[in-house]
Amino acid sequence: MTRTLRRTRRVRLALTGALLAGLTLLTTAGPALADDPSASASPGGDEAGPTEAGTTFRTATALKQGQSGTAQASAGDYLYWVFPADAGQRPTVEATVKLPESAARRGTSTWQVDVYDGLRRRQACMYGHQTRKAAADAAAVELSCVLRPVRAWSEPWANDPLPGSYYIRLTVVDLPAADLGLPVDVEVRTSIKELGGGHDGGGTLAEPLVPGVSVASAGETGDEGDGPASAAPRTLATGEPEDGWASGWWTDRWLWTVGGGVLAALAAVFGYSLTRGRGRPAHVPPGV
């Protein structure tokens, strides 16, 4: 009788410990992944960025995720860059404009950075300093824009960020006429934060919103769809993430699903051990 009680207590303690450990793992896994520096690492951060900027959407200079770009321009120019962003990512754009010496300027100026998606829809910033005014004696002005998380798909009428190319446009929106054409040095930086399966919405786009992707896909299968074409391999000027566009079945939601199943099984075993009783008393003979 004493051995049975001891054994039952040990089983209960073991199951309780396993249950608490599982709960702790699930509650800390999400924040740990979100705060992990490697989750928002910059794949292109070690490479030298481009040293020029485009002047239209069509001529936008391509940046890799996490890469910086510089340019020398004149106040009043429209400067364009483009970078890729995939589902489950939250892009951040930062820009620094180094202004000419205050002696050459006549007054204050207002600078603005805008971000457009592959359909050239202007995307709103969650937070940041998208527009800033530079005083007449300021040496530089810094701008930033943190976009909303990129969704895997969206309704046609919605303006949600979708996987594909994202265009950065930097320009001055208010400037004394006498300061037009003054030289400025510009640096833009992109960074990506991986948000994980918590932002998976189900469904995917047929193709990412990248200019020319439909033409490239058609060239791969031929005009009649009867096999691979003899055209050159598919290349996209605007680039894509180093790991490719998200298209696999894996998501960290599977970790939560498996973890929930394990916890449910442990809870069932623990509940059974509490309700099954102590068995047949020792003084009752078998068969009674």
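This passage describes one open sheet and the surroundings of one buried aspartate, Asp117. The model is a predicted one, in which local features need pLDDT of at least 70, side-chain atom pairs count only at pLDDT 80 or more, and totals for chains, interfaces and linings use all residues. Residues are numbered from 1 along each chain as its sequence is written, and side-chain values use heavy atoms, with hydrogens and water left out.

The open sheet is built from five antiparallel strands in the order β2-β10-β4-β8-β6; strands are DSSP runs (E, at least two residues) numbered from the N terminus, and two of them pair if DSSP finds at least two bridges between them. The edges are taken by β2 (68-74) and β6 (125-127), each of which has a single partner strand, so one side of each lacks a neighbour in the sheet. On average, neighbouring strands are turned by 30° against each other, direction ignored, with axes fitted as lines to C-alpha atoms. At the β2 edge, seven bridges connect β2 with the antiparallel strand β10 (residues 183-194), and Ser74 lies opposite Pro183 in β10.

Attention now turns to Asp117, which sits in the loop between β5 (109-116) and β6. Its relative accessibility is 0%, so Asp117 counts as buried (under 20% relative accessible area, 1.4 Å probe, protein chains only). The Asp117 side chain makes polar contacts (donor and acceptor N or O atoms within 3.5 Å) with the side chains of Arg121 at 2.7 Å and Gln123 at 3.1 Å. Beyond its neighbours within four places in sequence, Asp117 is in contact (heavy atoms within 4.5 Å) with Gln123, Ser165, Tyr166 and Tyr167.

Technical notes: Helix = DSSP H or I, 4+ residues; strand = E, 2+ residues; numbered from the N terminus. Axes fitted to C-alpha atoms, helices over the stretch in contact; angles between N-to-C directions. Buried < 20%, exposed > 50% of the residue type's maximum accessible area, 1.4 Å probe, protein only.
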